[in-house]
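This report describes the aromatic pairs, the surface and selected loop residues of one protein chain. Please read it alongside the sequence and the structure.

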Amino acid sequence: MKTFYIYALGFAMACVSFNSYAQETTKSSTQYSVGLLAGYNGGIGGQVNLTAHKPVESLPLDFRFGFGYTNMDPGNSADARRIFINNATNGVPEEKGKAFDYRLDALWPVTLIGNAKSFIAFGPRYSSFRGNFKYVGGNEDFDVTTKQFGVGLGVESHFKMNDKLDLVILAGIDYFLNSTLKGHDTQYSPDDDNVNPRDDNANDNIPFTYEDADEAINEPEFNPRIMIGINYHL
């Protein structure tokens, strides 16, 4: 998490520095916009963002920082209970999941649809996922969490509505790296250096592995994105 904020701070400082330099040499042409998007992002969710339009005069790129929230299917409740808690089967399962994501994008202009402004967007990602599993009548209520870095790629088009407002339509995909899954007093890591793994009573009591936990939990991995929203130019 600290690494991501360092990147974000560096990005912001770079935008300020380049903007200041441009003002010293010639009148700055850098503009900013704020955006709001909604749609599918591995689940139903939304995103707010801030875009700096061509902060570097020698580059044709826009740069955007975004923050999103998504409701997600957290995974298989029965398997999650066996892998992170115990082999009990009583209680009525209830489950819910959510993820916060943070993203930096460089927007490269391309020609896609008529007179619309279109871009290829690419950059680093960070996700904080939490899945909650509750068993009503079974006295179990626990979370499974993970934090992941990733990368993303997409295409988008901006359709001018008036001098200040654009309609934005985008599609893309984000890929997140495997990371430690934590639940109750148990942890499963990609290298299988696990903490307090549970035994699989259906497989000669062999301890569960990260692969088992990864199959049971729907933390972000390959996340397709189809979203629509607006950009307001400041």
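Is asparagine 139 buried or exposed? Asparagine 139 has a relative accessible area of 73% and is exposed; the terms are buried for under 20% relative accessible area, exposed for over 50% and partly exposed in between, with a 1.4 Å probe and protein chains only.

The model is a predicted one, in which local features need pLDDT of at least 70, side-chain atom pairs count only at pLDDT 80 or more, and totals for chains, interfaces and linings use all residues. Residues are numbered from 1 along each chain as its sequence is written, and side-chain values use heavy atoms, with hydrogens and water left out.

**Overall architecture**

The protein chain has three helices and twelve strands; these are DSSP runs numbered from the N terminus, helices (H or I) having at least four residues and strands (E) at least two. Of its 234 residues, 44% count as buried. The chain exposes about 12,600 Å², with carbon and sulfur atoms supplying 58% of that area, as computed by the Shrake-Rupley method with a 1.4 Å probe, where for residues only the protein chains shown count as cover. Among contacts (heavy atoms within 4.5 Å) between residues at least 6 apart in sequence, 64% join residues at least 24 apart.

**Aromatic pairs**

Rings of Phe, Tyr and Trp (its six-membered ring) pair if their centres lie within 6.5 Å; planes under 30 degrees apart count as stacked, over 60 as edge-to-face and the rest as tilted. By this rule there are nine aromatic pairs. The rings of phenylalanine 84 and tyrosine 188 are edge-to-face, because their centres are 5.3 Å apart and their planes stand at 90°. Phenylalanine 84 belongs to helix H2 (residues 77–84) and tyrosine 188 to strand E9 (residues 186–188), so this pair ties together parts that are 104 residues apart in sequence. Phenylalanine 84 is buried at a relative accessible area of 0%, and tyrosine 188 is buried at 0%.

Tyrosine 135 and phenylalanine 142 form a stacked pair, with 6.4 Å from centre to centre and 10° between the planes; both residues are buried. The charged end of arginine 81 sits over the ring of tyrosine 135, 4.2 Å from its centre. Such a placement requires NZ of Lys or CZ of Arg within 6 Å of the ring centre and within 35 degrees of the ring normal. Elsewhere, ring pairs link Phe67, Tyr69, Phe100, Tyr102, Tyr126 and Phe149 into a cluster.

**Loop residues**

The table lists asparagine and aspartate residues in loops.

| Residue | Loop | Relative accessible area |
|---|---|---|
| Asparagine 139 | between E5 and E6 | 73%, exposed |
| Asparagine 162 | between E6 and strand E7 (165–176) | 39%, partly exposed |
| Aspartate 204 | between strand E10 (199–200) and strand E11 (206–207) | 70%, exposed |
| Asparagine 205 | between E10 and E11 | 47%, partly exposed |

The C-alpha atoms of asparagine 139 and glycine 91 are separated by 7.5 Å, although the residues are 48 apart along the chain. For asparagine 162 and tyrosine 232, 70 residues apart along the chain, the C-alpha separation is 9.8 Å.

Most residues other than glycine have a negative phi. Aspartate 204, however, has a positive phi near 55°, and asparagine 205 has a positive phi of about 60°.
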